[in-house]
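This report looks at one helix and the strands around it. The model is a predicted one.

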Amino acid sequence: MQKRLLELPSNKVIYSDTIALAEKEKIFLLLKSRNLETFIESSSHARERGFELIGIHIKTPGLKEYLKSLKRRGGSGFGVFGVSSGKEARIAINAGASFIFSAHCDRGIIRRCKSETVFSSIGCLTPTELAAANEFGAK
């Protein structure tokens with residue numbers, strides 16, 4: 001018996017869906033947990049209560065494997081926050097993150113998200129940081 005492979009949406013479709021959800025819901029739930037089991041339980045409860053966009057902290061043990069398993073099953077609406085470098089953004093995106101949150105303005109994060117068509121939210125406080133984010137290609 002042949003296994004039927006799940007056809008996964010493109011990054012552009014995921015990006016568009018994430019933008020549409022963000023515009024509709026206006027809320028991202030960011031969960032920080034010491035272990036993956038607590039995150040899975042909490043995110044399951046959040047989904048049951050209507051949260052569509054849920055973020056997991058980049059330092060959560062087992063993050064990559066969990067996101068990859070979600071991606072294989074066609075799961076969407078999960079992203080990563082606390083990302084501090086382009087390398088971490090690459091790891092999260094390759095694992096299947098639908099969005100990236102960073103508390104600071106980093107050229108590598110912005111460029112990686114833009115090149116991979118992944119929604120990003122970059123922290124900027126000063127006019128200089130805003131100008132830099134714009135120069136790096138942030139939307």
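## Two sides of helix α3

E65 and R72 are exposed on one side of α3. The other side reads differently: L63, Y66, L67, S69 and L70 of α3 are buried. Seen down the axis of α3, these buried residues fall within an arc of 160°, so they line one face of the helix.

The cover over the buried residues of α3 includes α2 (36-48), β2, β3 and α4. Just after α3, G74 adopts a positive phi of about 85°.

## Strand β3

Strand β3 spans residues 78-81. F78 and V80 point one way from β3, while G79 and F81 point the other way. All four are buried. In a regular strand, side chains alternate between the two faces of the sheet.

## Pairing on β3

β3 pairs with strand β2 (residues 54-57) in the parallel sense, over 4 bridges. Here I54 stands opposite F78 of β3.

β3 also pairs with strand β4 (residues 99-102), again in the parallel sense, over 2 bridges. V80 has I100 of β4 as its bridge partner.

## Crossovers

Which helix joins β2 and β3 in a β-α-β unit? Helix α3 (residues 63-72) does, and the unit is right-handed. From β3 the chain then crosses through helix α4 (residues 86-95) to β4. This β-α-β crossover is right-handed too.

Note on methods:
Residues numbered from 1 in each chain as written. Predicted model: local features only at pLDDT ≥ 70, side-chain atom pairs only at ≥ 80, totals over all residues. Heavy atoms only, no water. Buried < 20%, exposed > 50% of the residue type's maximum accessible area, 1.4 Å probe, protein only. Pairing = 2+ DSSP bridges. Right-handed = clockwise from strand over helix to strand, strands pointing away. Arc of directions from axis to C-beta. Contact = heavy atoms within 4.5 Å.
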